[in-house]
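Me: I'd like to go through this structure with you and ask how the labels are earned. Can you take me from the values to the words, step by step?

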Amino acid sequence: MRNKFLETGQQGFSIIRKLRVVFSGLRYAILNESSVAIEIILSALVLAGCFYYRQWLDFSIVLVASGIMLVAEMVNTAIEGLCDFVEPGHNEKIGIIKDVASAAVESASSSGASPC
């Protein structure tokens, strides 16, 4: 995609290319981060239960909470990957950065809705 301000990158916009990048990142997160895969499976089970019992309000709340939790987990994964790339060895400051990112995921998941 072309950057309007820097005038760099490829010309044109392709929704197919953009969706391919999105699904590639999601696929990578599911295959390489067990926590993402577990969260998706558990969220799907809870959503199926809410759908089965026709608890529409609970369904929508769980869907939004699951989405927030998934986004937080993927941002945490990206931060940890970037930290490991920048500093492969042990570094106390990198450890603090990773701890804060993990705390953000935990706060996003603990604010989620209760199951149906």
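Me: How many aromatic pairs does a search of the whole structure find?

Reply: There are 4 of them. Keep in mind that we're looking at a predicted model.

Me: What makes the pair of Tyr 52 and Tyr 53 edge-to-face or stacked?

Reply: Look at the ring planes, which sit at 80° to each other, with the ring centres 5.0 Å apart. Centres within 6.5 Å make a pair, and planes over 60 degrees apart count as edge-to-face. So Tyr 52 and Tyr 53 are an edge-to-face pair.

Me: And how do you know whether Tyr 52 is buried or exposed?

Reply: Tyr 52 has 61% relative accessibility, and exposed means over 50%. That's why Tyr 52 counts as exposed. Tyr 53 gets the same kind of check: its relative accessible area is 57%, so Tyr 53 is exposed.

Me: What about the rings of Trp 56 and Phe 59, are they edge-to-face or stacked?

Reply: Their planes are at 75° and their centres 6.5 Å apart, so this pair is edge-to-face. In sequence, Trp 56 and Phe 59 are 3 residues apart in helix H3, which means about one helical turn between them. Along with Phe 51, they form one aromatic cluster.

Me: Why are Trp 56 and Phe 59 called partly exposed?

Reply: The label covers what falls between under 20% (buried) and over 50% (exposed). Trp 56 is at 45%, so it's partly exposed. Phe 59 is at 23%, so it's partly exposed as well.

Me: Now helices. Why is H3 called roughly antiparallel to H4?

Reply: H3 (residues 56–86) and H4 (residues 92–110) pack at about 175°, with axes 8 Å apart. Since an angle over 145 counts as roughly antiparallel, H3 gets that label relative to H4.

Me: Which residues of H3 and H4 meet there?

Reply: On the H3 side they include Ile 68, Met 69, Ala 72 and Ile 79, and on the H4 side they include Ile 94, Ile 97, Ala 101 and Val 105. By type, the contact has 10 nonpolar, 3 polar and 4 charged residues.

Me: And why is H1 called roughly perpendicular to H2?

Reply: H1 (residues 15–32) packs against H2 (residues 34–52) at about 100°, with axes 5 Å apart. The range for roughly perpendicular is 65 to 115, so the label fits H1 and H2. Ala 29, Ile 30 and Asn 32 of H1 touch Ser 34, Val 36, Ala 37 and Ile 40 of H2. That contact splits into 5 nonpolar, 2 polar and no charged residues.

Me: How do you know the length of H3 agrees with what it should span?

Reply: At 1.5 Å a residue, its 31 residues should span 45 Å, and the end C-alpha atoms are 45 Å apart, so the two agree.

Me: Which residues of H3 are buried, and what covers them?

Reply: Among the buried ones are Val 62, Ala 65, Ser 66, Met 69 and Cys 83. Their cover includes H2 and H4.

Me: One last check: what makes Lys 93 exposed?

Reply: Lys 93, which lies in H4, has a relative accessible area of 66%. The cut-off for exposed is over 50%, so Lys 93 is exposed. From Lys 93 to Cys 83 the C-alpha distance is 9.9 Å, with the two 10 residues apart in sequence.

Key. Residues are numbered from 1 along each chain as its sequence is written. This is a predicted model: local features need pLDDT of at least 70, side-chain atom pairs count only at pLDDT 80 or more; totals for chains, interfaces and linings use all residues. Side-chain values use heavy atoms; hydrogens and water are left out. Axes are lines fitted to C-alpha atoms, for helices over the stretch in contact, and angles run from 0 to 180 degrees between N-to-C directions. Helices (H or I, at least four residues) and strands (E, at least two) are DSSP runs, numbered from the N terminus. Angles under 35 degrees count as roughly parallel, over 145 as roughly antiparallel, 65 to 115 as roughly perpendicular and the rest as oblique. Contact means heavy atoms within 4.5 Å. Ala, Val, Leu, Ile, Met, Phe, Trp, Tyr, Cys and Pro count as nonpolar, Asp, Glu, Lys and Arg as charged, and the others, Gly among them, as polar. Rings of Phe, Tyr and Trp (its six-membered ring) pair if their centres lie within 6.5 Å; planes under 30 degrees apart count as stacked, over 60 as edge-to-face and the rest as tilted. Buried means under 20% relative accessible area, exposed over 50%, partly exposed in between (1.4 Å probe, protein chains only). The expected span of a helix is 1.5 Å times one less than its number of residues.
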